[in-house]
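Visitor: I am new to this structure and would like a close look at a single part of it. Could you walk me through that part slowly?

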Amino acid sequence: MTTDTLARDPASTVPLSQMDVSDPKLFQSDTIGSYFARLRREDPVHYCPESAYGPYWSVTKFNDIMQVEVNHQTFSSEAKLGGIALQDMQGGEASLELEMFIAMDPPKHDAQRKAVSPVVAPSNLALLEPIIRERAGFILDSLPIGEEIDWVDRVSIELTTMTLATLFDFPWEERRKLTRWSDVTTATPETGVVSSFEQRREELLECAQYFKDLWDKRANEPPKPDLISMMVHSPATRDMPYLEFLGNLLLLIVGGNDTTRNSISGGVLALNQNPAEYRKLMADPGLIPKMIPEIIRWQTPLTHMRRTALMDAEIGGRKIRKGDKVVMWYLSGNRDDEVIDRPNEFIIDRPNSRHHLSFGFGVHRCMGNRVAELQLRIIWEEILKRFSKVEVVGAPERTLSNFIRGFTYLPVKLHPH
Amino acid sequence: MPTIIFIEPDGAEYPIAVKSGTTARDAAVNNGVPGIDGDCGGECACATCHVHVDAAWMARTGMAEPGGMEANLLQFAEGSTENSRLACQITMTDDLDGLMLRIPDGQH
Ligand code: HEM
Ligand code: FES
């Protein structure tokens, strides 16, 4: 890069009053970091008066984000106010009236989360661990050695789908339906995943019918440790209105899909970019449990969550007005050197690695965080057993999104021990 | 220095002596007591420091204040009971010397 292009680096030259960090292209090109670094330095609680998503606040420092997270009385997740992302949730035709507690405030949120949370409780997960491990091994064993493959498609998507299918005891041959429904749930016609809202609606109705059949079948079978069976047989959930059940089910699928998938890809890339860390890991696989939270911080699979102010408030000295859209940029907070030591380094045995924002905090803190960690731990244990290196052999392609931080393509070669 | 006795699900005991003013969460995390992650750093925001207060000590620690953030978070924690507290919300004093806190199974 010449000094000329450096001087014109828009991250450092754009006037703060015009700085808009919502452009999905900045995330796809992975250049967003320098914008956030400048905001943390110069304007940590930043107002953008005009954007494709309307006016919004950016909260960029770790501790300010924490203050928003724990103040759900002031900062609402309610879908009708716009919900949980920069892009407002849409009502009417787009919504199919599916309500999910991630976009509700207490007390309604609490009642629903309480009903569903036992299905991902650690004691239940322990029952599923051996099956997940066996299936992960099966997927890894079927990969070609020494040939270039797309890690995203062959491994990350496959492993994540496999885990979801295991959690739901979903018919094995049809498991990619889960991936499809997850993509469709969050899709709008602009994304290209569906061509119209009508198509989205039809596919979700098909999904609804499919799960209804599974629900009825499990209701007539003895209880098992899969999520559907648990919900069918638990007094807290068995009389749930069907659309509510479906909303909660899809929330589990969506919540656990892209996030975990991209953490699997992100870990491979991070270790390749930091060969000394990769060597450290190979020398001591016992570091895996410590490494997993570091991968999740490093990747920050969801760049942000959004809230809507229910009343006037203050964040980091700035006055927020009732009705304002407030975006908590986890990706920025996870690089805040006031809280995280050497935040721009990937360190697999970081002493305080669990102290990151990727799962959010407060009453909405990720309900599936133990599922995600379990899955990542098993996968890395099984990878290390089989391969001396998963080598990245070309440039990755990143997702065009300001919400999901991930990869669409990651070429690798596998090396045996 | 008051002592906290952490009791693991398998019955193993970890007596930890700390300065007055230290939270039970910091006592556990800084001394490597297994099962308490304390992910949020003690901000009452993650519920990974869930403990069951031994019945005999409940009168002195008190319950999580109903409707407060601590109670909000505890309602989602596995195995939550009336004796449940978040360890980051228990500050040690001489009065609490000998406090027994049980760590729930499978928290980590
Ligand atoms: C590395 C993987 C994951 C990341 C980074 C992640 C991140 C998040 C974040 C940021 C939130 C919202 C927090 C907030 O609003 O403050 C959330 C909520 C949620 N996540 Fe995850 N998640 C992951 C995996 C999973 C998995 C595997 C599942 C399901 C099995 C899941 C289910 C949920 C649910 C149900 C909620 C809603 C919780 C509520 O509103 O009370 N997530 N997640
Ligand atoms: S350490 Fe997070 S709630 Fe206690």
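What share of the 108 residues in chain B is buried?

Guide: Happy to help! Please keep in mind that this is a predicted model. Buried residues account for 53% of the 108 residues in chain B, so let us stay with that chain for a while, starting from the way it is built.

Chain B contains three helices and five strands. If you follow the sequence from its start, these elements come in the order β-β-α-β-α-α-β-β. The radius of gyration of chain B is 12 Å, and the globule rule gives 13 Å for 108 residues; the two values are close, so chain B is as compact as a globular protein of that length. Along the principal axes, its C-alpha atoms fill a box of roughly 30 × 25 × 25 Å.

Contacts tell us how the sequence is brought together. Taking the contacts in chain B with a separation of 6 or more, 64% are between residues 24 or more positions apart.

Now for the outside. Chain B has an accessible surface of about 4700 Å², and carbon and sulfur atoms hold 47% of that. As for charges, chain B carries 5 positive and 16 negative ones, and the mean positions of these two groups lie 6 Å apart.

One residue is worth finding on your screen: Gly32(B). Look for Gly32(B) in the loop that runs between helix 1 (24-30) and strand 3 (50-53) of chain B. Its relative accessibility is 52%, and because exposed means over 50%, Gly32(B) counts as exposed. You can also relate Gly32(B) to Tyr14(B): the two are 18 residues apart in sequence, and their C-alpha atoms are 9.7 Å apart in space.

For context, here is a brief look at the partner chain. Chain A has 16 helices and twelve strands. Its radius of gyration is 21 Å, close to the 22 Å from the globule rule for 417 residues, so chain A too is as compact as a globular protein of its length. Buried residues make up 56% of the 417 residues in chain A.

Chain A also supplies a metal donor. Cys366(A) is the only protein donor of the iron atom of ligand 1, with its SG atom at 2.3 Å. To find Cys366(A), go to the loop between helix 15 (330-333) and helix 16 (369-386) of chain A.

Conventions
Residues are numbered from 1 along each chain as its sequence is written. Chains are lettered from A and ligands numbered from 1 in the order in which they are written. This is a predicted model: local features need pLDDT of at least 70, side-chain atom pairs count only at pLDDT 80 or more; totals for chains, interfaces and linings use all residues. Side-chain values use heavy atoms; hydrogens and water are left out. Helices (H or I, at least four residues) and strands (E, at least two) are DSSP runs, numbered from the N terminus. The radius of gyration is taken over C-alpha atoms; the globule rule is 2.2 Å times the number of residues to the power 0.38. Buried means under 20% relative accessible area, exposed over 50%, partly exposed in between (1.4 Å probe, protein chains only). Contact means heavy atoms within 4.5 Å. Accessible areas come from the Shrake-Rupley method with a 1.4 Å probe; for residues, only the protein chains shown count as cover. Lys and Arg count as positive and Asp and Glu as negative; His and the chain ends are not counted. The place of a charge is taken as NZ of Lys, CZ of Arg, CG of Asp or CD of Glu. Donors are N, O and S atoms within 2.8 Å of the metal (3.2 Å for Na, K and Ca); water is not among the atoms, so sites may look incomplete.
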